[in-house]
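Trainee: I would like to go through this structure step by step. Please show me the sequence and the model, and then take my questions in turn.

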Amino acid sequence: EVQLVESGGGLVQAGGSLRLSCAASGFTFDDYAIGWFRQAPGKEREGVSCINTRDGSTRYADSVKGRFTISSDNAKNTVYLQMNSLKPEDTAVYYCAARRLSPGWSYYSARFAGFGFWGQGTQVTVSS
């Protein structure tokens with residue numbers, strides 16, 4: 001079965017850093033894009049970043065550009081989200097998700113669309 005397991009969340013002060021991990025199993029890793037999403041209390045889930053695990057191309061939400069970096073270690077079937085200069089508004093449950101790669105992926109990645117497999121989430125709390 002497809003399984004995505006997030007880890008690395010926790011409590012951090014504003015301006016600090018966290019590194020989230022998404023460990024994948026049950027599918028061919030480099031046949032899928034992996035995305036990070038987040039959902040804050042009372043807010044809709046939003047896309048944060050995603051990566052094409054085959055060619056390394058990435059996308060970022062405007063709110064995190066310059067602060068967050070997504071990367072993939074294909075040998076470990078793991079995607080990371082390095083979060084620097086954290087702000088209280090980054091507080092949310094962070095989820096990783098997978099979408100099978102196909103021609104025209106750039107259309108979907110720009111919209112954070114089509115992710116069908118989801119992890120359980122990890123809480124990130126940024127205090128002021």
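Mentor: Helices (H or I, at least four residues) and strands (E, at least two residues) are DSSP runs, numbered from the N terminus. The model is predicted, so local features need pLDDT of at least 70 and side-chain atom pairs count only at pLDDT 80 or more, while totals for chains, interfaces and linings use all residues. Residues are numbered from 1 along each chain as its sequence is written, and side-chain values use heavy atoms, with hydrogens and water left out.

Trainee: In which strand is Tyr94?

Mentor: Strands are taken from the DSSP runs and numbered from the N terminus. The run that covers residues 92-100 holds Tyr94, and that run is strand S9.

Trainee: Is Tyr94 buried or exposed?

Mentor: Buried means under 20% relative accessible area, exposed means over 50%, and partly exposed is in between, using a 1.4 Å probe and protein chains only. Tyr94 has 0% relative accessibility, so Tyr94 counts as buried.

Trainee: How far apart in space are Tyr94 and Trp36, C-alpha to C-alpha?

Mentor: A contact means heavy atoms within 4.5 Å. Leaving out residues up to four places away in sequence, Tyr94 touches Trp36, and also Glu6, Leu20 and Thr122, among others. Tyr94 and Trp36 are 58 residues apart in sequence, yet the C-alpha to C-alpha distance is 6.8 Å.

Trainee: Which residue has its backbone oxygen 2.7 Å from a polar atom of the Tyr94 side chain?

Mentor: A polar contact is a pair of N or O atoms within 3.5 Å; within protein, one must be able to donate a hydrogen and the other to accept it, and residues adjacent in sequence count only if both atoms are side-chain atoms. At 2.7 Å from the Tyr94 side chain lies the backbone oxygen of Asp90.

Trainee: Which backbone nitrogen does the side chain of Thr122 reach?

Mentor: Thr122 is in strand S11, residues 122-127, and at 11% relative accessibility Thr122 counts as buried. Its contacts beyond four places in sequence include Glu6, Ser7, Gly8 and Tyr94. The backbone nitrogen that the side chain of Thr122 reaches, at 3.2 Å, is that of Gly9.

Trainee: Which residues have the most contacts inside the largest nonpolar core?

Mentor: A nonpolar core is a set of buried Ala, Val, Leu, Ile, Met, Phe, Trp, Tyr and Cys residues joined through side-chain atoms within 4.5 Å. In soluble globular proteins, nonpolar side chains tend to be buried together. Here the largest core has 27 residues, and those with the most contacts inside it are Phe27, Ile34, Trp36, Phe68, Leu81, Met83 and Tyr94.

Trainee: Which strands each supply at least two residues of this core?

Mentor: The core of 27 residues draws on several strands. Those that each supply at least two residues are S3, S4 (32-39), S5 (46-52), S7, S8 (78-83), S9 and S11.

Trainee: Which strands stand at the edges of the open sheet of 4 strands?

Mentor: Two strands pair if DSSP finds at least two bridges between them. The order in the sheet is S1-S3-S8-S7, with antiparallel pairing. Each edge strand has a single partner, so one side of each is left without a neighbour in the sheet; these are S1 (3-7) and S7 (68-73).

Trainee: Which residue is the bridge partner of Leu4 in S3?

Mentor: S1 and S3 (residues 18-25) run antiparallel and are joined by 5 bridges. In S3, the partner of Leu4 is Ala24.

Trainee: Which cysteine is joined to Cys22 by a disulfide?

Mentor: A disulfide is a pair of cysteine sulfur atoms within 2.5 Å, and the count comes to 1. Its sulfur atoms are 2.2 Å apart. Cys22 lies in S3 and its partner in S9, so the pair ties together parts that are 74 residues apart in sequence. The partner is Cys96.

Trainee: Which cysteine is in no disulfide?

Mentor: At 1% relative accessibility, this cysteine counts as buried. The nearest cysteine sulfur, that of Cys22, is 13 Å away from the cysteine in question, Cys50.

Trainee: What is phi of Ser85 near?

Mentor: Ser85 is found in the loop between S8 and S9. Its relative accessible area is 41%, so Ser85 is partly exposed. Its phi is positive in a residue other than glycine, near 50 degrees.
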